[in-house]
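Colleague: Could you take me through this model, one question at a time, before I form my own view of the fold?

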Amino acid sequence: MTATLTAPQSIESWLGEEADNLLTYNAKVDKRLLHLPSPDWVERIFANSDRPAPVLRSLQQIYSTGHLANTGYLSILPVDQGIEHSAAASFAPNPVYFDPENILKLALEGGCNAVATTLGVLGMVSRKYAHRIPFIAKLNHNEMLTYPNRYDQLMFASVEQAWNLGAVAVGATIYFGSEESSRQIEEVSRAFARAHELGMATILWCYLRNSVFKQDKDYHLSADLTGQANHLGVTIEADIIKQKQPECNNGYGAVAKATGEKYGRTDDRVYSELTTDHPIDLTRYQVLNCYAGRAGLINSGGSSGKNDFAQAVRTAVINKRAGGCGLISGRKTFQRPFEEGVKLFHTIQDVYLSGDVTIA
């Protein structure tokens, strides 16, 4: 019998009219081509890699914590919005989170595998919580106080600082496609190499950023472009990839059409044989680009809104059935009353614990 954390509403009812389509769909790319989450994930995937033994221990600590412990799945609380979107835009809806300790309390009560947040937050409470929940120290951020506002990930912390406060992993963002991406790739690659030397795991936010990606659709969310960002991320040895769930495809073609110039390189078989317009197929292509799932794909939960619970369940179902390894959920949880945030985490985790939600 499969354990669950909440009882009030079924996964099918959260999905509504999409339930049958999302829960019974057979994916275009066969799941046998992928390395899928499992209780022995760290040993099976990383034991033969070049990761030092302390990195395996750090990864195992993340995968062995919280309500999803030893399942191969992850539920992570990320809170770097105090910088990325300003503290006011992030915490005014729920001012208790101006106090960093409440961020740690939410992650613990929510049964998260880890908490990913800033050097300042973790440093302020590290001695009280470093042994209670795995820390992921986010190294770089985009600050929006400089005028005019710009979009560039800058290093706010060093790998050594993360190690000293007890982090088991470091996280970073690269804005692939931006003018600054080459520098960011070099900075993050060096940081990840140093983190592995010190025994810490690495998590990369593989985001796209360029105004040319916004055409008839927002191709920042296209499967082909985000998939390639994921592939660049695993190339610099990210152990886990964080990516927004795709909503469209053929970003390469859209950019070329809009600019009248050749852009990048792709293959028509991506759109005919490896994907369809079904969200599970689009997300599976992201997984495929994470070395066929050897680097776990966690999708982001998105911004807070009126239908957060239903949207979070939908995102989790798509991620799990596509072969991803979890969700990283921020604003949907901390921009609501504490108990509701905890409940939302439990609702997401129920998807990954459910034997009825299978790999497509």
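**Core, barrel and helices**

Modeller: Leaving aside neighbours within four places in sequence, leucine 104 is in contact with Val115, Val121, Val125, Tyr129, Ile133 and Phe135. Please keep in mind throughout that this is a predicted model.

Colleague: How many residues does the largest nonpolar core have?

Modeller: Leucine 104 is among the residues with the most contacts inside the largest nonpolar core, a list that also holds Leu77, Val115, Phe135, Leu204, Ile241 and Val317. A second core, separate from it, has 25 residues and includes Tyr63, Ala201, Ile240 and Ile328. The count you ask about, for the largest core, is 83 residues.

Colleague: Which residue of S3 stands opposite valine 115?

Modeller: Strand S2, residues 114-118, runs parallel to S3 and is joined to it by 4 bridges. S2 and S3 also belong, together with helix H8 (residues 119-129), to a right-handed β-α-β unit. Within the pairing, the residue opposite valine 115 is phenylalanine 135.

Colleague: Which residues of strand S3 are buried on its two sides?

Modeller: In a regular strand the side chains alternate between the two faces of the sheet, so both sides have to be inspected. In S3, residues 135-138, both faces turn out to be covered. On one side the buried residues are Phe135 and Ala137, and on the other they are Ile136 and Lys138.

Colleague: What is the bridge partner of alanine 137 in S6?

Modeller: S3 is joined by 3 bridges to strand S6, residues 169-176, and the two run parallel. For alanine 137, the bridge partner in S6 is valine 170.

Colleague: In what order do the strands close into a barrel?

Modeller: The barrel has 8 strands with parallel pairing, and the twist from one strand to the next averages 25°. One of its pairs is S8 (residues 240-243) with S9 (residues 296-300), joined in the parallel sense over 4 bridges, where glutamine 243 has asparagine 299 as its bridge partner. The full order is S1-S2-S3-S6-S7-S8-S9-S10.

Colleague: At about what angle does helix H10 run to S6?

Modeller: Helix H10, residues 181-197, lies across both S6 and S7. Its direction, set against that of S6, gives an angle of about 165°.

Colleague: Why does isoleucine 174 count as buried, and what is its relative accessible area?

Modeller: Isoleucine 174 lies in strand S6, and apart from residues up to four places away in sequence it touches Gln184, Ile185, Val188, Leu204, Trp205, Cys206, Tyr207 and Ile236. Buried means under 20% relative accessible area. Isoleucine 174 is buried because its relative accessible area is 0%.

Colleague: How many of the residues of helix H7 are buried?

Modeller: The buried residues of H7 are Pro100, Glu101, Asn102, Ile103, Leu104, Leu106 and Ala107, and what covers them includes S1, S2, H8, S3, helix H16 (331-334) and helix H17 (338-353). The helix, residues 100-109, is therefore mostly covered under the cut-off of under 20% relative accessible area. The count is 7 of its 10 residues.

Colleague: Which residue caps the N-terminal end of H7?

Modeller: Beyond the other end, H7 is followed by glycine 111, whose phi is positive, near 70°. At the N-terminal end, a side-chain oxygen of the capping residue lies 3.0 Å from the backbone nitrogen of glutamate 101. That capping residue is aspartate 99.

Key
Residues are numbered from 1 along each chain as its sequence is written. This is a predicted model: local features need pLDDT of at least 70, side-chain atom pairs count only at pLDDT 80 or more; totals for chains, interfaces and linings use all residues. Side-chain values use heavy atoms; hydrogens and water are left out. Buried means under 20% relative accessible area, exposed over 50%, partly exposed in between (1.4 Å probe, protein chains only). Two strands pair if DSSP finds at least two bridges between them. A crossover is right-handed if, with the strands pointing away from the viewer, the path from the first strand over the helix to the second runs clockwise. Axes are lines fitted to C-alpha atoms, for helices over the stretch in contact, and angles run from 0 to 180 degrees between N-to-C directions. Contact means heavy atoms within 4.5 Å. A nonpolar core is a set of buried Ala, Val, Leu, Ile, Met, Phe, Trp, Tyr and Cys residues joined through side-chain atoms within 4.5 Å. A polar contact is a pair of N or O atoms within 3.5 Å; within protein, one must be able to donate a hydrogen and the other to accept it, and residues adjacent in sequence count only if both atoms are side-chain atoms.
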